[in-house]
Amino acid sequence: MEKHNSKEIQQLKNRFHDLADKAFGQGIYTFTGFLGLGEQDVFWQEEAGLRYAGYTLYGGFEGADRVVARFGSSAELGYEMPFPVVCVHIRPLGAKFADALSHRDFLGALMNLGIERSTLGDIRIKEGNAYLFCLDSMAEFICENLRQVKHTAVCCSVAEALEEIPRDEPERVDIHVQSLRADAVLARVYDLSREKSQELFRSGRVYVNGRVCENNSRMLKQKETVNARGYGKFCLTGEPRQTRKGRLAVEAAVYR
């Protein structure tokens with residue numbers, strides 16, 4: 001989870017309001033950088049005071065963990081402006097001799113270039129290739145300067161066809177719980193003790209639809225997305241049904 005002190009949180013709130021004011025006052029679209037889950041929680045804290053300007057959150061694909069906030073409304077402005085987000089395809093030059101590279105490896109190599117985290121979105125990995133969502137202003141720099149990840153030589157190009165970008169396929173699991181209490185559902189999905197599940201809520205590591213959730217007794221609803229930092233995310237996809245033993249059976253789409 002991103003760590004922000006009170007000064008940084010206030011600066012972030014001020015930034016949201018400045019961008020909303022600019023969009024509304026000048027009749028233009030304005031954009032933040034990529035927001036992590038902690039920053040998205042700050043956004044939702046301020047949402048009531050921002051909605052007058054109109055806003056949309058998007059990270060390059062549906063279900064992205066890191067998103068950009070766009071202020072401005074097409075209904076008011078009369079036109080739609082696309083998000084300044086592109087996808088960079090990072091591929092090993094010699095796949096046969098490439099390291100088994102992880103998300104952390106690719107992110108570390110990018111950060112070593114001196115790139116600010118706010119310019120980088122999600123990184124999707126498939127068969128040794130990485131698909132990095134980033135601000136379009138950074139794409140050329142990344143393509144020209146990212147030459148190696150760990151001991152593996154790589155090359156980069158902007159992905160033109162979005163269909164080549166891998167999509168996460170969730171694991172469909174059926175769980176049985178006494179109720180749809182958030183801590184009970186999370187414990188069943190990740191095979192945790194109730195005590196461990198509750199600790200995740202107390203430590204601010206659980207987000208529901210982008211908002212930090214410290215209320216472990218909150219009842220989850222169908223299609224709500226739950227992120228548990230360090231474990232993954234899941235979404236309740238089916239209507240709960242009662243079993244013969246009086247428990248609730250519900251299907252969850254789990255992204256590891």
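1. Contact here means heavy atoms within 4.5 Å, and helices (H or I, at least four residues) and strands (E, at least two) are DSSP runs numbered from the N terminus. This is a predicted model, in which local features need pLDDT of at least 70 and side-chain atom pairs count only at pLDDT 80 or more, while totals for chains, interfaces and linings use all residues. Residues are numbered from 1 along each chain as its sequence is written, and side-chain values use heavy atoms, with hydrogens and water left out.

2. An open sheet of 5 strands, with antiparallel pairing (at least two DSSP bridges between two strands), follows the order E5-E6-E4-E8-E7. Its edge strands, E5 and E7, each pair on one side only. Within the sheet, E4 and strand E8 (residues 152-158) are antiparallel partners over 5 bridges, and Ile90 has Cys156 in E8 as its bridge partner.

3. H5 packs on this sheet, touching E4, E5, E6 and E8, and its direction makes about 135 degrees with that of E6; axes are lines fitted to C-alpha atoms, for helices over the stretch in contact, and angles run from 0 to 180 degrees between N-to-C directions. H4 lies across E4, E5, E6 and E7, at about 140 degrees to E5.

4. In helix H4 (residues 103-111), the buried residues (under 20% relative accessible area, 1.4 Å probe, protein chains only) are Asp105, Phe106, Leu107, Ala109 and Leu110. Their cover includes strand E4 (85-92), E5, E6, helix H5 (136-145) and strand E7 (148-149).

5. Glu127, in the loop between strand E5 (120-126) and strand E6 (129-135), has a phi near 50 degrees, a positive value in a residue other than glycine.

Definitions and conventions. Buried < 20%, exposed > 50% of the residue type's maximum accessible area, 1.4 Å probe, protein only.
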